[in-house]
4 protein chains.
Amino acid sequence: MAYLETVRGKIYYEIHGDGAETLLILNGIMMSSSSWGPFVETLKEHTKVVLMDFYDQGKSTYLDGPYDQTLQVEAVKDVVAFLALKNFTLLGISYGGEIAMQFAAENSECLKQLILANTTDYTDLQLKAIGDNWVHAAETCDGGKFFKATIPTIYSRAFYEAHKEWLDAREVMFSNLFKKPWYDGFMRLVVSAETHDAREVLNQISVPTLIIGADGDLITPIDRQESLSKAIKNSELVVIKDCGHASMYEKPNAFFALVIGFMKFGGKTFTI
Amino acid sequence: MAYLETVRGKIYYEIHGDGAETLLILNGIMMSSSSWGPFVETLKEHTKVVLMDFYDQGKSTYLDGPYDQTLQVEAVKDVVAFLALKNFTLLGISYGGEIAMQFAAENSECLKQLILANTTDYTDLQLKAIGDNWVHAAETCDGGKFFKATIPTIYSRAFYEAHKEWLDAREVMFSNLFKKPWYDGFMRLVVSAETHDAREVLNQISVPTLIIGADGDLITPIDRQESLSKAIKNSELVVIKDCGHASMYEKPNAFFALVIGFMKFGGKTFTI
Amino acid sequence: MAYLETVRGKIYYEIHGDGAETLLILNGIMMSSSSWGPFVETLKEHTKVVLMDFYDQGKSTYLDGPYDQTLQVEAVKDVVAFLALKNFTLLGISYGGEIAMQFAAENSECLKQLILANTTDYTDLQLKAIGDNWVHAAETCDGGKFFKATIPTIYSRAFYEAHKEWLDAREVMFSNLFKKPWYDGFMRLVVSAETHDAREVLNQISVPTLIIGADGDLITPIDRQESLSKAIKNSELVVIKDCGHASMYEKPNAFFALVIGFMKFGGKTFTI
Amino acid sequence: MAYLETVRGKIYYEIHGDGAETLLILNGIMMSSSSWGPFVETLKEHTKVVLMDFYDQGKSTYLDGPYDQTLQVEAVKDVVAFLALKNFTLLGISYGGEIAMQFAAENSECLKQLILANTTDYTDLQLKAIGDNWVHAAETCDGGKFFKATIPTIYSRAFYEAHKEWLDAREVMFSNLFKKPWYDGFMRLVVSAETHDAREVLNQISVPTLIIGADGDLITPIDRQESLSKAIKNSELVVIKDCGHASMYEKPNAFFALVIGFMKFGGKTFTI
């Protein structure tokens with residue numbers, strides 16, 4: 001609904017609701033701010049929601065050269081500064097979780113809480129190989145081929161069995177929606193994640209942190225979230241069962257229950 | 001704070017807060033309504049909270065003969081009728097979860113949602129043997145012996161390593177607090193659970209249901225919650241990691257985030 | 001080393017060793033009898049080993065039209081009959097496991113034992129989607145693209161981190177080795193597996209059965225082997241940790257220890 | 001069948017078979033060399049088997065004062081020296097695994113391989129609390145009470161459901177077999193394990209090592225074997241499913257398949 005101008009271009013953002021609490025959400029790599037559309041009406045009953053598109057994503061500027069994730073961390077800093085966000089909850093899923101943990105390691109002071117969903121502490125060689133394959137699929141600029149190459153490992157077996165029609169419609173949507181600029185941006189995003197490694201800075205995260213995993217996540221399996229959980233001091237790890245990588249789509253009730261619930265109960269101290 | 005008189009005796013209950021939503025909580029076997037004390041102040045910011053003690057528990061009447069769990073289901077029905085609770089969320093942990101699922105199978109119409117934590121669809125022979133051991137420990141009426149016989153499988157390894165002093169103090173508390181009437185009541189409660197088997201009626205539960213498990217739960221391990229999840233149609237299963245059977249004590253932030261979050265997001269339908 | 005002529009063409013097979021016991025091994029879909037080469041010398045110290053290539057695989061005849069797996073089950077029957085194998089152990093991995101369980105359901109009387117590794121009771125929609133993607137990758141007849149599209153989900157994260165050079169060399173090997181006839185055969189094999197569903201006949205398997213899974217298997221995750229384990233009466237399930245789908249390559253010591261050990265201890269009855 | 005005299009007393013041992021390979025087995029804390037009786041006939045077809053009772057166990061000398069596990073490690077050294085065992089495989093389960101890893105850390109040169117089943121790198125506070133409870137149960141010298149206090153966490157739910165009669169008979173056997181000297185020895189064994197901590201020396205183990213876990217092991221859960229697996233360089237971890245702490249009793253076919261198979265395939269190097 002609005003754009004922030006930066007030296008690099010425009011960053012698209014949306015603000016929903018006007019609660020006392022603020023939730024800033026960072027997208028996964030194939031997503032955009034519009035991916036959260038189905039949930040915004042319910043979310044804004046409980047919190048102000050800020051959505052944003054990374055560079056090369058959604059309605060933000062598509063960039064030229066290769067870059068690494070520090071550029072996207074800067075984008076988050078720019079939005080936070082521009083909107084003067086303070087004491088807010090930062091939620092990132094997958095790629096957005098990678099950016100979120102990097103942001104949190106350097107900017108804990110402006111955060112109230114951190115929520116990391118279906119993400120990883122670093123890009124290991126298997127994940128890099130998965131990314132390489134996604135790039136090869138994107139190079140075809142063919143929605144059907146791209147869908148077939150990426151989606152089978154993103155959704156869980158249970159979701160495939162239950163939502164075949166939705167997935168078939170999704171494949172058609174991919175073909176209609178994604179054009180060359182989108183694929184080019186997607187490839188730059190994938191490449192920017194290749195060097196992600198937050199292992200040395202995770203101990204700088206001091207805010208209460210909820211880590212969400214899913215037992216059927218093939219892209220960032222639970223052992224990656226277990227590593228995050230061990231490295232982040234004040235963290236708790238919860239696993240959604242019968243759920244794949246896109247947990248907020250597969251199990252929205254459990255996912256947003258955790259998000260909204262943790263905004264209210266995370267970091268509380270109880271004397272038992 | 002108040003008592004309900006029934007044909008069998010008194011049922012103690014407490015009401016906290018006055019929100020539009022209502023959460024009725026059913027205790028585990030070693031607990032009482034006072035076990036929720038540390039959390040009530042925070043909980044009541046988000047919902048009206050109703051606590052109650054089962055017969056043979058806390059401030060409710062201690063009964064005489066042996067009985068099975070239908071008597072405790074009746075106690076819940078009596079409280080629900082007396083307080084005219086409608087469209088409320090029912091949360092039960094462990095023994096309380098067993099009663100909650102039996103209540104829900106027959107009384108879905110008065111429920112908005114159901115939350116089952118660290119509980120089981122039936123008492124298998126290993127769980128019965130654990131119960132037998134608890135009875136033998138209770139027969140000594142010796143707090144130290146009772147503590148040593150029951151607690152090591154209730155709390156997780158992680159909790160033991162982190163909270164040794166609290167556990168040592170807890171052992172002293174057991175000796176001071178628990179007297180013969182308590183142990184007699186405890187034994188009757190254990191015996192009443194021996195014949196628990198809800199497997200035939202779980203498919204009658206129609207309200208949105210959240211099932212909470214814990215990866216270090218030795219009493220009701222995750223495979224019991226997986227069975228519940230398969231049998232209850234409209235359910236989602238979430239597992240708290242590095243956590244034992246008394247999940248609300250070990251990981252209160254994650255536990256109550258799930259409870260309060262599910263009260264707000266459970267059962268919503270989203271068109272993705 | 002030899003060929004069996006059938007009405008459909010030639011089936012290539014090898015016999016190694018001359019022990020009293022016989023182990024017949026069925027390949028995964030990207031494998032051939034030569035994949036077992038590194039292990040044959042050690043295996044034949046303990047058992048006679050019979051290897052074979054399915055139609056459309058290795059040195060067996062490449063067929064024309066589409067077919068389903070019953071044709072490959074016939075190939076196994078032909079080899080068993082021709083070599084007069086009796087009271088032997090049948091080991092199948094992945095696709096070979098699918099054929100093995102179908103063979104065993106109808107021919108338990110000629111088997112001593114069955115070993116099913118990294119396989120599934122049926123092709124669910126997610127696995128079918130993975131297969132579709134493999135077909136699309138094979139259509140390019142480009143070894144590099146085929147490697148990138150298939151291998152990241154076949155080997156585990158631990159294997160990727162430890163064997164980068166081997167995997168890089170493997171990618172070169174794919175380009176050199178695989179030509180259009182191979183890709184055509186591969187695609188027919190994938191299509192033949194699409195309709196695999198042994199769920200109705202697994203209860204006919206009466207011989208002692210060992211089921212091997214791997215915790216990092218993304219193609220046929222552990223829950224598929226758990227289903228096999230529940231459906232096959234006389235079975236035991238063992239999971240190799242830190243291991244992906246190609247378990248015999250990733251953890252050969254554990255894999256063949258299980259195979260050879262089970263040939264000696266499987267099905268024994270002990271009075272404890 | 002024979003005794004070795006030491007400065008501390010007698011160590012009972014048995015030798016079965018005369019194969020080229022040797023397997024030395026160390027017992028769990030409630031076991032003795034006779035616990036392996038049902039399996040010896042089959043085992044000796046494949047390897048020479050050496051059994052021994054620790055001090056305070058079976059037919060070995062019952063000692064006086066408290067001691068730690070170094071005394072039992074000495075007992076193993078004495079047996080190894082007396083029988084001039086070289087290049088042998090050492091298998092330890094539970095308590096026996098603790099002794100085995102301590103022995104292996106200092107005596108890798110005489111070992112060919114090491115197998116650690118259902119054991120732990122150190123006695124954490126929860127395990128210590130379980131041990132305390134066992135001591136309290138042993139103090140009663142009452143077989144029924146001792147059985148009820150210890151067995152429910154030793155056998156798995158699946159085993160309980162399938163072997164109720166065997167377990168009932170076992171309870172009677174406990175009452176008939178165990179007398180005060182046995183209970184006194186058992187308590188000393190438990191106390192000796194309280195200070196077990198091999199975490200600093202596990203990196204000294206250089207022989208090929210197989211680690212066996214069980215998914216239903218409540219005494220030494222899988223995360224303990226995962227720690228062992230990370231700390232021992234040349235190790236592989238395999239998990240037996242639907243199995244509790246006494247894995248060699250619950251799943252003897254899988255257990256001994258792993259043992260005998262690993263004696264033949266462990267430590268082999270294959271060029272794939």
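**Exercise 1. Size up the interface of chain A and chain C.**

Task: State the area buried between chain A and chain C, and find which three residues of chain A supply the most of it.

Solution. Start with the term. Buried area is the accessible area (1.4 Å probe) that two parts lose on being put together, summed over both. Between chain A and chain C this area is about 2200 Å². Carbon and sulfur atoms give 60% of it. Next, look at single residues. Leu125(A), Gln126(A) and Arg157(A) supply 30% of the area that chain A buries against chain C, more than any other three residues. Now count contacts, meaning heavy atoms within 4.5 Å. Here 23 residues of chain A touch 23 residues of chain C.

A note on the source: this is a predicted model, where local features need pLDDT of at least 70, side-chain atom pairs count only at pLDDT 80 or more, and totals for chains, interfaces and linings use all residues. Residues are numbered from 1 along each chain as its sequence is written, chains are lettered from A and ligands numbered from 1 in the order in which they are written, and side-chain values use heavy atoms, leaving out hydrogens and water.

**Exercise 2. Map the side of chain A that touches chain C.**

Task: Say which elements of chain A each supply at least two residues to this side, and which gives the largest share.

Solution. First, the polar contacts (a pair of N or O atoms within 3.5 Å; within protein, one must be able to donate a hydrogen and the other to accept it, and residues adjacent in sequence count only if both atoms are side-chain atoms). Between chain A and chain C, 14 residue pairs are in polar contact, both residues at pLDDT 80 or more. Second, the elements. Helices (H or I, at least four residues) and strands (E, at least two) are DSSP runs, numbered from the N terminus. In chain A, α4 (125-139), α5 (143-150), α6 (157-162) and α9 (222-231) each supply at least two residues. The largest share, seven residues, comes from α4(A). Third, the classes. This side has nine nonpolar, five polar and nine charged residues. Ala, Val, Leu, Ile, Met, Phe, Trp, Tyr, Cys and Pro count as nonpolar, Asp, Glu, Lys and Arg as charged, and the others, Gly among them, as polar.

**Exercise 3. Trace the salt bridges between chain A and chain C.**

Task: How many salt bridges cross this interface, and which residues meet in them?

Solution. A salt bridge is a side-chain nitrogen of Lys or Arg within 4 Å of a carboxyl oxygen of Asp or Glu. The rule finds four across this interface. Take three of them in turn.

1. Arg157(C) meets Asp124(A) at 3.0 Å, N to O. Arg157(C) sits in helix α6 (residues 157-162) of chain C, and Asp124(A) in the loop between β6 (111-117) and α4 of chain A.
2. Arg157(C) also pairs with Asp223(A), at 3.6 Å.
3. Asp223(C) pairs with Arg157(A), the closest N and O atoms being 3.7 Å apart. Asp223(C) lies in helix α9 (residues 222-231) of chain C and Arg157(A) in helix α6 of chain A, so this pair joins two chains.

Now check burial (buried means under 20% relative accessible area, exposed over 50%, partly exposed in between; 1.4 Å probe, protein chains only). Asp124(A) is buried at 4%. Asp223(C), at 31%, is partly exposed. Within chain C, Asp223(C) also bridges to Arg224(C), with N and O 4.0 Å apart. Arg224(C) is buried at 5%. Last, look for shared partners. Asp121(A), Asp124(A), Asp223(A), Arg224(A) and Arg157(C) are joined into one network.

**Exercise 4. Turn to chain A and chain B.**

Task: Describe the contact of chain A and chain B by area, salt bridges and elements.

Solution. Each chain brings 36 residues to the contact. The buried area is about 3300 Å², with 67% from carbon and sulfur atoms. Asn253(A), Phe265(A) and Ile272(A) supply 25% of the area that chain A buries here, more than any other three residues. Two salt bridges cross this interface. Lys241(B) and Glu226(A) meet in a salt bridge at 2.9 Å, N to O. The polar contacts come to 11 residue pairs, both at pLDDT 80 or more. The elements of chain A that give two or more residues are α1 (37-43), α9, β8 (235-240) and α11 (252-265). The most come from α11(A), with 11 residues. By class, this side of chain A has 21 nonpolar, eight polar and seven charged residues.
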